[in-house]
2 protein chains.
Amino acid sequence: MITSTIENYIKQIYLQQQENKSKLLPMGRLAAAMHVVPGTATAMVKTLADSGLVEYEPRSGIRLTHGGEQLALHVLRRHRVLESFLVEVLGLDWSEVHEEAETLEHAVSDKVLERMDLLLNRPQFDPHGDPIPTAKGQIKKIRLVPLTDLKPGHATIIARVADQDPAFLQFAEKNGLLPGVALTLIERDEQADSVQVRLQEKITVTLGGKAAEKILVRMATG
Amino acid sequence: MITSTIENYIKQIYLQQQENKSKLLPMGRLAAAMHVVPGTATAMVKTLADSGLVEYEPRSGIRLTHGGEQLALHVLRRHRVLESFLVEVLGLDWSEVHEEAETLEHAVSDKVLERMDLLLNRPQFDPHGDPIPTAKGQIKKIRLVPLTDLKPGHATIIARVADQDPAFLQFAEKNGLLPGVALTLIERDEQADSVQVRLQEKITVTLGGKAAEKILVRMATG
DNA sequence: AACTATATTTTGAATTATCAAAAGGATGTG
DNA sequence: CACATCCTTTTGATAATTCAAAATATAGTT
(Lines give C-alpha, C1' and ligand atoms only; values in the text may rest on other atoms or scores of the structure.)
Protein backbone atom coordinates (compact mmCIF):
# COMPACT_ATOMS: atom_id res chain seq x y z
CA MET A 1 0.00 0.00 0.00
CA ILE A 2 1.18 3.49 -0.82
CA THR A 3 1.35 5.40 2.45
CA SER A 4 2.01 9.10 2.66
CA THR A 5 5.47 8.30 4.01
CA ILE A 6 6.21 6.44 0.81
CA GLU A 7 4.89 9.33 -1.24
CA ASN A 8 7.11 11.72 0.64
CA TYR A 9 10.21 9.59 0.13
CA ILE A 10 9.50 9.16 -3.57
CA LYS A 11 8.84 12.87 -4.03
CA GLN A 12 12.02 13.77 -2.21
CA ILE A 13 14.07 11.28 -4.21
CA TYR A 14 12.71 12.80 -7.41
CA LEU A 15 13.45 16.33 -6.25
CA GLN A 16 16.94 15.50 -5.04
CA GLN A 17 17.71 13.58 -8.19
CA GLN A 18 16.81 16.61 -10.31
CA GLU A 19 19.71 18.46 -8.71
CA ASN A 20 22.29 16.02 -9.92
CA LYS A 21 20.67 14.15 -12.74
CA SER A 22 21.92 10.84 -14.10
CA LYS A 23 23.87 10.07 -10.93
CA LEU A 24 22.70 7.75 -8.18
CA LEU A 25 21.31 9.60 -5.21
CA PRO A 26 23.44 8.78 -2.15
CA MET A 27 21.61 7.56 0.94
CA GLY A 28 23.07 10.25 3.15
CA ARG A 29 21.61 12.92 0.95
CA LEU A 30 18.18 11.32 1.07
CA ALA A 31 18.34 10.85 4.83
CA ALA A 32 19.24 14.51 5.29
CA ALA A 33 16.46 15.65 2.97
CA MET A 34 13.94 13.54 4.85
CA HIS A 35 15.25 14.60 8.25
CA VAL A 36 15.73 11.03 9.41
CA VAL A 37 18.82 9.20 10.58
CA PRO A 38 20.60 7.28 7.81
CA GLY A 39 19.47 3.90 9.08
CA THR A 40 15.86 4.90 8.73
CA ALA A 41 16.35 5.87 5.12
CA THR A 42 18.13 2.60 4.37
CA ALA A 43 15.26 0.60 5.85
CA MET A 44 12.69 2.58 3.93
CA VAL A 45 14.56 2.39 0.66
CA LYS A 46 14.59 -1.38 0.92
CA THR A 47 10.83 -1.47 1.05
CA LEU A 48 10.66 1.03 -1.81
CA ALA A 49 12.92 -1.26 -3.83
CA ASP A 50 10.70 -4.23 -2.95
CA SER A 51 7.72 -2.31 -4.30
CA GLY A 52 9.58 -1.62 -7.51
CA LEU A 53 9.64 2.12 -7.03
CA VAL A 54 13.41 2.57 -6.81
CA GLU A 55 16.53 0.74 -7.88
CA TYR A 56 18.78 0.35 -4.90
CA GLU A 57 22.48 -0.31 -5.14
CA PRO A 58 23.79 -0.89 -1.62
CA ARG A 59 26.62 1.42 -0.65
CA SER A 60 26.25 3.55 -3.73
CA GLY A 61 22.74 4.92 -3.83
CA ILE A 62 19.34 4.87 -5.46
CA ARG A 63 17.47 5.88 -8.58
CA LEU A 64 13.74 5.98 -9.31
CA THR A 65 12.29 3.34 -11.59
CA HIS A 66 9.80 4.45 -14.23
CA GLY A 67 6.99 3.59 -11.84
CA GLY A 68 8.66 5.56 -9.09
CA GLU A 69 9.03 8.57 -11.29
CA GLN A 70 5.37 8.42 -12.30
CA LEU A 71 4.36 8.31 -8.67
CA ALA A 72 6.65 11.24 -7.90
CA LEU A 73 5.10 13.28 -10.68
CA HIS A 74 1.61 12.50 -9.45
CA VAL A 75 2.47 13.62 -5.96
CA LEU A 76 4.13 16.73 -7.32
CA ARG A 77 1.05 17.43 -9.40
CA ARG A 78 -1.19 17.16 -6.39
CA HIS A 79 1.10 19.43 -4.42
CA ARG A 80 1.29 22.10 -7.05
CA VAL A 81 -2.34 22.12 -8.09
CA LEU A 82 -3.19 22.43 -4.40
CA GLU A 83 -0.82 25.34 -3.94
CA SER A 84 -2.42 27.08 -6.88
CA PHE A 85 -5.88 26.37 -5.55
CA LEU A 86 -5.09 27.63 -2.09
CA VAL A 87 -3.76 30.89 -3.50
CA GLU A 88 -6.22 31.48 -6.34
CA VAL A 89 -9.45 30.20 -4.86
CA LEU A 90 -9.05 30.41 -1.12
CA GLY A 91 -6.85 33.48 -1.13
CA LEU A 92 -4.06 32.21 1.08
CA ASP A 93 -0.70 33.88 0.82
CA TRP A 94 1.82 32.17 -1.48
CA SER A 95 4.28 32.07 1.41
CA GLU A 96 2.09 29.76 3.46
CA VAL A 97 0.66 27.34 0.93
CA HIS A 98 3.63 25.00 0.73
CA GLU A 99 3.07 23.71 4.25
CA GLU A 100 -0.66 23.30 3.72
CA ALA A 101 -0.18 21.47 0.45
CA GLU A 102 2.38 19.21 2.07
CA THR A 103 -0.38 17.65 4.16
CA LEU A 104 -3.25 17.87 1.71
CA GLU A 105 -1.34 16.27 -1.14
CA HIS A 106 -1.76 12.90 0.58
CA ALA A 107 -5.47 13.33 1.20
CA VAL A 108 -7.07 14.68 -1.97
CA SER A 109 -8.55 12.18 -4.37
CA ASP A 110 -7.91 12.33 -8.09
CA LYS A 111 -11.50 13.39 -8.58
CA VAL A 112 -11.23 16.38 -6.29
CA LEU A 113 -7.89 17.33 -7.77
CA GLU A 114 -9.34 17.20 -11.25
CA ARG A 115 -12.11 19.58 -10.19
CA MET A 116 -9.61 22.00 -8.72
CA ASP A 117 -7.48 21.81 -11.83
CA LEU A 118 -10.52 22.53 -13.97
CA LEU A 119 -11.67 25.43 -11.81
CA LEU A 120 -8.18 26.92 -12.10
CA ASN A 121 -8.32 26.42 -15.84
CA ARG A 122 -5.52 23.86 -15.93
CA PRO A 123 -2.60 25.98 -14.79
CA GLN A 124 0.85 25.01 -16.04
CA PHE A 125 2.76 26.56 -13.18
CA ASP A 126 2.14 26.89 -9.47
CA PRO A 127 2.39 30.21 -7.57
CA HIS A 128 6.15 29.79 -7.18
CA GLY A 129 6.64 29.17 -10.85
CA ASP A 130 7.19 25.43 -10.54
CA PRO A 131 5.78 23.48 -13.47
CA ILE A 132 2.71 21.33 -12.77
CA PRO A 133 2.92 17.81 -14.21
CA THR A 134 -0.12 16.73 -16.24
CA ALA A 135 -2.40 13.97 -15.00
CA LYS A 136 -0.53 11.70 -17.36
CA GLY A 137 2.76 12.50 -15.70
CA GLN A 138 4.31 14.86 -18.20
CA ILE A 139 6.22 17.84 -16.96
CA LYS A 140 7.46 20.93 -18.74
CA LYS A 141 11.21 21.12 -18.62
CA ILE A 142 12.40 24.64 -19.18
CA ARG A 143 15.97 25.69 -18.85
CA LEU A 144 16.08 28.32 -16.16
CA VAL A 145 19.09 30.17 -14.83
CA PRO A 146 19.63 31.87 -11.47
CA LEU A 147 20.17 35.63 -11.33
CA THR A 148 23.79 34.96 -10.43
CA ASP A 149 24.37 33.68 -13.97
CA LEU A 150 23.10 36.75 -15.79
CA LYS A 151 25.32 39.38 -17.40
CA PRO A 152 24.76 43.10 -16.85
CA GLY A 153 22.14 44.51 -19.18
CA HIS A 154 20.39 41.17 -19.60
CA ALA A 155 16.62 41.72 -19.58
CA THR A 156 14.29 38.83 -18.88
CA ILE A 157 11.35 37.67 -16.76
CA ILE A 158 11.29 35.96 -13.39
CA ALA A 159 10.11 32.41 -13.93
CA ARG A 160 10.48 30.85 -10.54
CA VAL A 161 11.27 31.54 -6.92
CA ALA A 162 13.00 28.38 -5.76
CA ASP A 163 12.50 28.41 -2.01
CA GLN A 164 9.59 27.42 0.15
CA ASP A 165 10.57 29.16 3.36
CA PRO A 166 7.70 31.53 4.20
CA ALA A 167 10.11 34.19 5.44
CA PHE A 168 11.99 34.31 2.16
CA LEU A 169 8.79 34.23 0.13
CA GLN A 170 7.36 37.11 2.11
CA PHE A 171 10.53 39.06 1.49
CA ALA A 172 10.34 38.26 -2.21
CA GLU A 173 6.71 39.33 -2.44
CA LYS A 174 7.33 42.58 -0.62
CA ASN A 175 10.11 43.39 -3.07
CA GLY A 176 8.18 42.45 -6.17
CA LEU A 177 10.29 39.39 -6.90
CA LEU A 178 7.41 37.35 -8.26
CA PRO A 179 7.11 34.97 -11.21
CA GLY A 180 6.17 36.94 -14.31
CA VAL A 181 7.85 40.15 -13.26
CA ALA A 182 10.18 41.78 -15.82
CA LEU A 183 13.72 42.25 -14.65
CA THR A 184 16.99 43.69 -15.91
CA LEU A 185 20.36 42.91 -14.43
CA ILE A 186 22.13 46.10 -13.48
CA GLU A 187 25.26 44.86 -11.85
CA ARG A 188 26.92 41.73 -10.60
CA ASP A 189 29.79 42.10 -8.15
CA GLU A 190 31.48 38.76 -7.56
CA GLN A 191 33.67 40.16 -4.84
CA ALA A 192 30.82 41.73 -2.92
CA ASP A 193 28.70 38.61 -3.58
CA SER A 194 25.91 40.91 -4.70
CA VAL A 195 23.50 41.24 -7.60
CA GLN A 196 21.59 44.39 -8.43
CA VAL A 197 18.47 44.21 -10.56
CA ARG A 198 15.80 46.58 -11.82
CA LEU A 199 12.20 45.39 -11.64
CA GLN A 200 9.47 46.45 -14.07
CA GLU A 201 11.83 49.20 -15.29
CA LYS A 202 11.30 50.90 -11.96
CA ILE A 203 12.46 49.65 -8.60
CA THR A 204 16.05 48.61 -8.01
CA VAL A 205 16.81 45.74 -5.64
CA THR A 206 20.13 44.38 -4.45
CA LEU A 207 20.46 40.77 -3.39
CA GLY A 208 23.24 38.69 -1.91
CA GLY A 209 24.39 35.59 -3.76
CA LYS A 210 22.33 33.13 -1.72
CA ALA A 211 19.11 35.00 -2.37
CA ALA A 212 19.94 35.71 -6.02
CA GLU A 213 20.44 32.00 -6.62
CA LYS A 214 16.85 31.34 -5.65
CA ILE A 215 15.46 33.69 -8.29
CA LEU A 216 15.33 31.87 -11.60
CA VAL A 217 14.73 33.49 -14.96
CA ARG A 218 14.08 32.27 -18.45
CA MET A 219 17.23 32.01 -20.55
CA ALA A 220 16.72 34.31 -23.47
CA THR A 221 19.11 36.24 -25.64
CA GLY A 222 20.09 39.47 -23.95
CA MET B 1 -0.55 13.60 19.73
CA ILE B 2 -3.97 13.57 18.11
CA THR B 3 -3.80 11.13 15.23
CA SER B 4 -6.54 10.73 12.67
CA THR B 5 -7.38 7.38 14.24
CA ILE B 6 -8.09 9.16 17.50
CA GLU B 7 -10.19 11.74 15.70
CA ASN B 8 -12.19 8.99 14.07
CA TYR B 9 -12.83 7.20 17.34
CA ILE B 10 -13.86 10.40 19.08
CA LYS B 11 -16.14 11.41 16.23
CA GLN B 12 -17.75 8.00 16.19
CA ILE B 13 -18.22 7.97 19.94
CA TYR B 14 -19.95 11.33 19.69
CA LEU B 15 -22.19 10.19 16.85
CA GLN B 16 -23.10 6.93 18.54
CA GLN B 17 -23.75 8.66 21.81
CA GLN B 18 -26.22 11.02 20.12
CA GLU B 19 -28.40 8.03 19.36
CA ASN B 20 -28.86 7.07 22.96
CA LYS B 21 -27.97 10.13 24.93
CA SER B 22 -27.14 10.12 28.63
CA LYS B 23 -26.31 6.43 28.61
CA LEU B 24 -22.81 5.01 28.48
CA LEU B 25 -21.83 3.83 25.04
CA PRO B 26 -21.12 0.09 25.21
CA MET B 27 -17.81 -1.10 23.78
CA GLY B 28 -19.42 -3.54 21.40
CA ARG B 29 -21.36 -0.75 19.77
CA LEU B 30 -18.22 1.32 19.31
CA ALA B 31 -16.26 -1.63 17.94
CA ALA B 32 -18.99 -2.32 15.41
CA ALA B 33 -19.19 1.32 14.36
CA MET B 34 -15.43 1.46 13.88
CA HIS B 35 -15.33 -1.88 12.07
CA VAL B 36 -12.72 -3.31 14.40
CA VAL B 37 -12.75 -6.34 16.64
CA PRO B 38 -13.82 -5.59 20.22
CA GLY B 39 -10.31 -5.97 21.60
CA THR B 40 -9.04 -3.22 19.34
CA ALA B 41 -11.66 -0.81 20.58
CA THR B 42 -10.88 -1.65 24.21
CA ALA B 43 -7.18 -0.97 23.68
CA MET B 44 -7.86 2.29 21.93
CA VAL B 45 -10.37 3.48 24.48
CA LYS B 46 -7.78 3.02 27.19
CA THR B 47 -5.43 5.41 25.47
CA LEU B 48 -8.32 7.82 24.87
CA ALA B 49 -9.07 7.68 28.58
CA ASP B 50 -5.41 8.33 29.38
CA SER B 51 -5.54 11.42 27.16
CA GLY B 52 -8.59 12.63 29.04
CA LEU B 53 -10.88 12.47 26.03
CA VAL B 54 -13.26 9.83 27.36
CA GLU B 55 -14.37 8.43 30.69
CA TYR B 56 -14.06 4.69 30.61
CA GLU B 57 -15.89 2.39 32.93
CA PRO B 58 -14.67 -1.13 32.31
CA ARG B 59 -17.41 -3.55 31.42
CA SER B 60 -20.04 -0.89 31.17
CA GLY B 61 -18.93 1.56 28.54
CA ILE B 62 -17.67 5.03 27.78
CA ARG B 63 -18.70 8.64 27.64
CA LEU B 64 -16.91 11.66 26.17
CA THR B 65 -15.37 14.18 28.53
CA HIS B 66 -15.88 17.87 27.80
CA GLY B 67 -12.56 17.91 25.98
CA GLY B 68 -13.54 14.87 23.98
CA GLU B 69 -16.82 16.44 22.96
CA GLN B 70 -15.07 19.61 21.84
CA LEU B 71 -12.70 17.57 19.72
CA ALA B 72 -15.62 15.64 18.24
CA LEU B 73 -17.38 18.86 17.32
CA HIS B 74 -14.25 20.22 15.66
CA VAL B 75 -13.86 17.11 13.59
CA LEU B 76 -17.53 17.17 12.70
CA ARG B 77 -17.21 20.81 11.71
CA ARG B 78 -14.31 20.05 9.42
CA HIS B 79 -16.21 17.18 7.90
CA ARG B 80 -19.36 19.13 7.24
CA VAL B 81 -17.74 22.32 6.00
CA LEU B 82 -15.72 20.17 3.64
CA GLU B 83 -18.80 18.40 2.36
CA SER B 84 -20.43 21.74 1.69
CA PHE B 85 -17.32 23.03 -0.03
CA LEU B 86 -16.98 19.99 -2.23
CA VAL B 87 -20.58 20.31 -3.37
CA GLU B 88 -20.92 24.09 -3.61
CA VAL B 89 -17.48 25.08 -4.88
CA LEU B 90 -16.09 22.04 -6.61
CA GLY B 91 -19.40 20.75 -7.87
CA LEU B 92 -19.13 17.18 -6.66
CA ASP B 93 -22.31 15.21 -6.19
CA TRP B 94 -23.72 15.15 -2.68
CA SER B 95 -23.71 11.37 -2.81
CA GLU B 96 -19.93 11.19 -3.09
CA VAL B 97 -18.69 13.90 -0.75
CA HIS B 98 -18.96 11.96 2.47
CA GLU B 99 -16.12 9.65 1.51
CA GLU B 100 -13.93 12.49 0.32
CA ALA B 101 -14.52 14.51 3.46
CA GLU B 102 -13.75 11.48 5.56
CA THR B 103 -10.13 11.68 4.46
CA LEU B 104 -9.77 15.43 4.10
CA GLU B 105 -11.16 16.20 7.55
CA HIS B 106 -7.86 15.03 9.04
CA ALA B 107 -5.71 17.04 6.70
CA VAL B 108 -7.16 20.55 6.44
CA SER B 109 -5.77 23.19 8.74
CA ASP B 110 -8.00 25.56 10.68
CA LYS B 111 -6.85 28.35 8.42
CA VAL B 112 -7.93 26.61 5.23
CA LEU B 113 -11.19 25.54 6.81
CA GLU B 114 -11.90 29.11 7.86
CA ARG B 115 -11.40 30.28 4.28
CA MET B 116 -13.75 27.65 2.98
CA ASP B 117 -16.33 28.53 5.59
CA LEU B 118 -16.06 32.19 4.63
CA LEU B 119 -16.30 31.48 0.91
CA LEU B 120 -19.44 29.45 1.58
CA ASN B 121 -20.80 32.30 3.68
CA ARG B 122 -20.76 30.35 6.93
CA PRO B 123 -23.33 27.67 6.16
CA GLN B 124 -25.28 26.26 9.08
CA PHE B 125 -26.06 22.95 7.47
CA ASP B 126 -24.18 20.62 5.19
CA PRO B 127 -25.62 19.19 1.95
CA HIS B 128 -27.35 16.38 3.83
CA GLY B 129 -28.94 18.76 6.27
CA ASP B 130 -26.63 17.98 9.18
CA PRO B 131 -25.90 21.01 11.36
CA ILE B 132 -22.36 22.41 11.18
CA PRO B 133 -20.82 23.18 14.59
CA THR B 134 -19.31 26.64 14.92
CA ALA B 135 -15.57 27.10 15.31
CA LYS B 136 -16.23 27.48 19.02
CA GLY B 137 -17.90 24.09 19.18
CA GLN B 138 -21.54 25.05 19.31
CA ILE B 139 -24.04 23.02 17.40
CA LYS B 140 -27.67 23.65 16.53
CA LYS B 141 -29.90 21.07 18.08
CA ILE B 142 -33.19 20.82 16.30
CA ARG B 143 -35.79 18.25 17.03
CA LEU B 144 -36.36 16.31 13.84
CA VAL B 145 -38.68 13.40 13.24
CA PRO B 146 -38.53 10.63 10.67
CA LEU B 147 -41.27 10.32 8.08
CA THR B 148 -42.46 7.21 9.85
CA ASP B 149 -43.62 9.37 12.76
CA LEU B 150 -45.83 11.71 10.74
CA LYS B 151 -49.60 11.53 10.57
CA PRO B 152 -51.54 11.68 7.29
CA GLY B 153 -52.06 15.24 6.11
CA HIS B 154 -49.05 16.56 7.95
CA ALA B 155 -47.21 19.12 5.77
CA THR B 156 -43.60 20.01 6.49
CA ILE B 157 -40.16 20.36 4.96
CA ILE B 158 -37.37 17.82 4.60
CA ALA B 159 -34.57 18.85 6.95
CA ARG B 160 -32.14 16.02 6.68
CA VAL B 161 -31.34 12.83 4.83
CA ALA B 162 -29.67 10.68 7.44
CA ASP B 163 -27.62 8.24 5.42
CA GLN B 164 -24.26 8.49 3.77
CA ASP B 165 -24.47 5.57 1.41
CA PRO B 166 -23.99 6.96 -2.11
CA ALA B 167 -26.55 4.56 -3.54
CA PHE B 168 -29.27 5.75 -1.19
CA LEU B 169 -28.33 9.38 -1.67
CA GLN B 170 -28.50 8.99 -5.42
CA PHE B 171 -31.91 7.43 -5.09
CA ALA B 172 -33.02 10.28 -2.83
CA GLU B 173 -31.76 12.91 -5.23
CA LYS B 174 -33.43 11.30 -8.22
CA ASN B 175 -36.73 11.31 -6.37
CA GLY B 176 -36.46 14.85 -5.11
CA LEU B 177 -35.99 13.83 -1.49
CA LEU B 178 -33.62 16.68 -0.68
CA PRO B 179 -33.28 18.97 2.35
CA GLY B 180 -35.53 21.99 1.89
CA VAL B 181 -38.12 20.22 -0.19
CA ALA B 182 -41.76 20.62 0.91
CA LEU B 183 -43.55 17.42 1.70
CA THR B 184 -46.98 16.22 2.76
CA LEU B 185 -47.70 12.83 4.21
CA ILE B 186 -50.40 11.08 2.22
CA GLU B 187 -50.59 7.72 3.86
CA ARG B 188 -48.87 5.53 6.37
CA ASP B 189 -49.58 1.83 6.31
CA GLU B 190 -48.03 0.10 9.30
CA GLN B 191 -48.94 -3.31 7.99
CA ALA B 192 -47.44 -2.75 4.57
CA ASP B 193 -44.44 -1.01 6.19
CA SER B 194 -44.93 1.81 3.71
CA VAL B 195 -45.15 5.58 3.70
CA GLN B 196 -46.56 7.62 0.86
CA VAL B 197 -45.66 11.30 0.54
CA ARG B 198 -46.31 14.13 -1.89
CA LEU B 199 -43.34 16.34 -2.78
CA GLN B 200 -43.64 20.03 -3.73
CA GLU B 201 -47.40 19.45 -4.08
CA LYS B 202 -46.67 17.43 -7.17
CA ILE B 203 -44.89 14.11 -7.25
CA THR B 204 -45.96 11.22 -5.09
CA VAL B 205 -43.37 8.81 -3.73
CA THR B 206 -43.80 5.64 -1.72
CA LEU B 207 -41.10 4.45 0.62
CA GLY B 208 -40.59 1.42 2.78
CA GLY B 209 -40.06 1.89 6.50
CA LYS B 210 -36.28 1.63 6.36
CA ALA B 211 -36.00 4.37 3.78
CA ALA B 212 -38.67 6.54 5.38
CA GLU B 213 -36.79 6.50 8.67
CA LYS B 214 -33.84 8.14 7.00
CA ILE B 215 -35.84 11.14 5.86
CA LEU B 216 -36.11 13.60 8.70
CA VAL B 217 -38.46 16.57 8.79
CA ARG B 218 -38.98 19.52 11.06
CA MET B 219 -41.58 18.96 13.71
CA ALA B 220 -44.23 21.58 13.19
CA THR B 221 -47.88 21.70 13.91
CA GLY B 222 -49.79 19.92 11.24
C1' DA C 1 -28.80 -21.05 41.96
C1' DA C 2 -27.15 -23.00 37.61
C1' DC C 3 -26.67 -22.66 32.83
C1' DT C 4 -26.29 -20.43 28.53
C1' DA C 5 -25.64 -16.80 25.50
C1' DT C 6 -23.57 -12.52 24.85
C1' DA C 7 -20.32 -8.90 25.72
C1' DT C 8 -15.85 -7.51 27.16
C1' DT C 9 -11.07 -7.84 28.26
C1' DT C 10 -6.61 -9.99 27.96
C1' DT C 11 -2.86 -11.98 25.53
C1' DG C 12 0.22 -12.59 21.86
C1' DA C 13 1.58 -11.34 17.39
C1' DA C 14 2.09 -8.47 13.09
C1' DT C 15 3.00 -4.08 10.58
C1' DT C 16 4.88 0.50 9.76
C1' DA C 17 8.00 4.00 10.68
C1' DT C 18 11.13 5.69 13.57
C1' DC C 19 15.76 6.32 16.52
C1' DA C 20 20.29 5.22 18.78
C1' DA C 21 24.26 3.04 18.69
C1' DA C 22 27.39 -0.50 16.98
C1' DA C 23 29.59 -2.45 13.05
C1' DG C 24 31.26 -2.51 8.49
C1' DG C 25 33.09 -0.34 3.93
C1' DA C 26 35.22 3.15 1.18
C1' DT C 27 38.33 6.88 0.49
C1' DG C 28 42.11 10.01 0.98
C1' DT C 29 46.50 11.41 3.16
C1' DG C 30 50.75 11.05 4.58
C1' DC D 1 50.04 0.62 3.25
C1' DA D 2 48.08 2.06 7.55
C1' DC D 3 45.13 5.14 9.73
C1' DA D 4 41.56 8.41 10.28
C1' DT D 5 37.34 9.93 8.67
C1' DC D 6 33.11 9.70 6.62
C1' DC D 7 29.26 7.25 4.98
C1' DT D 8 26.23 3.33 5.03
C1' DT D 9 24.24 -0.72 6.94
C1' DT D 10 22.88 -3.63 10.74
C1' DT D 11 20.87 -4.49 15.11
C1' DG D 12 17.87 -3.85 18.83
C1' DA D 13 14.10 -0.97 20.67
C1' DT D 14 9.92 1.77 20.73
C1' DA D 15 5.17 3.52 19.62
C1' DA D 16 0.78 3.17 17.28
C1' DT D 17 -2.76 0.43 15.43
C1' DT D 18 -4.53 -3.59 14.26
C1' DC D 19 -6.25 -8.81 14.40
C1' DA D 20 -7.25 -13.57 16.23
C1' DA D 21 -8.23 -16.29 19.79
C1' DA D 22 -8.46 -17.33 24.67
C1' DA D 23 -10.21 -15.97 29.08
C1' DT D 24 -13.47 -13.74 31.87
C1' DA D 25 -17.59 -11.25 33.33
C1' DT D 26 -22.57 -10.17 32.95
C1' DA D 27 -27.31 -10.94 32.15
C1' DG D 28 -31.23 -13.62 31.19
C1' DT D 29 -33.79 -17.89 31.73
C1' DT D 30 -35.31 -21.68 33.69
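**Entry 1: the chain as a whole**

I began by fixing one term: contact means heavy atoms within 4.5 Å. I noted at the outset that the model is predicted. With that term in hand, I looked up how far apart in sequence the contacting residues of chain A are. Among contacts with a separation of 6 or more, 61% join residues that are 24 or more positions apart.

I then listed the secondary structure. Chain A holds 8 helices and 8 strands.

Next I looked up the dimensions. The C-alpha trace of chain A spans about 55 × 45 × 30 Å along its principal axes. The radius of gyration of chain A is 19 Å, and a compact globule of 222 residues would have one near 17 Å, so the two agree.

I also recorded how chain A presents its surface. Of its 222 residues, 45% are buried. The accessible surface is about 11,300 Å², and carbon and sulfur atoms contribute 50% of that area. For the charges, I found 26 positive and 29 negative ones in chain A, with mean positions 5 Å apart.

**Entry 2: the two copies**

I asked what rotation superposes chain B on chain A. The rotation is 180°, with 0.0 Å of shift along its axis, and the RMSD is 0.1 Å. This is the relation of a two-fold axis. I noted that 100% of the contact residues of chain B recur in chain A, and that the same surface therefore serves both copies.

I then asked which residue of chain B comes closest to the rotation axis. The residue is B:A107, whose C-alpha lies 3.3 Å from the axis.

**Entry 3: helix α6 of chain A**

I looked up two residues in this helix. A:V112 lies in helix α6. I asked whether A:V112 is buried or exposed. A:V112 has a relative accessible area of 1%, and buried means under 20%, so A:V112 is buried. Leaving aside neighbours within four places in sequence, A:V112 is in contact with B:L86, B:L90, B:L92 and B:E100. I noted that these partners belong to chain B.

A:D117 also has its place in helix α6, which covers residues 110-119. With a relative accessible area of 3%, A:D117 is buried. Not counting residues up to four places away in sequence, A:D117 touches A:R77, A:V81, A:R122 and A:P123. I also looked up a distance from A:D117 to A:S60. The two are 57 residues apart in sequence, and their C-alpha atoms are 39 Å apart in space.

**Entry 4: a residue of helix α4 in chain B**

I turned to B:R78, which is found in helix α4 of chain B, residues 66-88. The relative accessible area of B:R78 is 10%, so this arginine is buried. I asked which residues B:R78 touches, not counting those up to four places away in sequence. They are B:E7, B:E105, B:V108 and B:L113.

**Entry 5: a residue of strand β4**

A:T156 lies in strand β4 of chain A, residues 155-161. A:T156 is buried, with a relative accessible area of 9%. Beyond the residues up to four places away in sequence, A:T156 touches A:L150, A:V181, A:A182, A:L183, A:V217 and A:R218. I also recorded that A:T156 and A:R80 are 76 residues apart along the chain, with 24 Å between their C-alpha atoms.

**Entry 6: three loop residues of chain A**

I looked up A:H35 in the loop between α2 (27-34) and α3. Its phi is near 55°, a positive value in a residue other than glycine. A:H35 has a relative accessible area of 72%, and exposed means over 50%, so A:H35 is exposed.

I then asked where A:Q200 lies. A:Q200 is in the loop between β6 (194-199) and β7 (203-208). A:Q200 is not a glycine, yet it has a positive phi of about 50°. Its relative accessible area is 40%, and A:Q200 is partly exposed.

The last residue I looked up was A:S51, placed in the loop between α3 (38-50) and β1 (54-57). A:S51 counts as partly exposed, at 46% relative accessibility. The C-alpha atoms of A:S51 and A:G67 are separated by 9.6 Å, and the two residues are 16 residues apart along the chain.

Terms used
Residues are numbered from 1 along each chain as its sequence is written. Chains are lettered from A and ligands numbered from 1 in the order in which they are written. This is a predicted model: local features need pLDDT of at least 70, side-chain atom pairs count only at pLDDT 80 or more; totals for chains, interfaces and linings use all residues. Side-chain values use heavy atoms; hydrogens and water are left out. Helices (H or I, at least four residues) and strands (E, at least two) are DSSP runs, numbered from the N terminus. The radius of gyration is taken over C-alpha atoms; the globule rule is 2.2 Å times the number of residues to the power 0.38. Buried means under 20% relative accessible area, exposed over 50%, partly exposed in between (1.4 Å probe, protein chains only). Accessible areas come from the Shrake-Rupley method with a 1.4 Å probe; for residues, only the protein chains shown count as cover. Lys and Arg count as positive and Asp and Glu as negative; His and the chain ends are not counted. The place of a charge is taken as NZ of Lys, CZ of Arg, CG of Asp or CD of Glu. Copies are superposed by least squares on the C-alpha atoms of residues with pLDDT of at least 70 in both.
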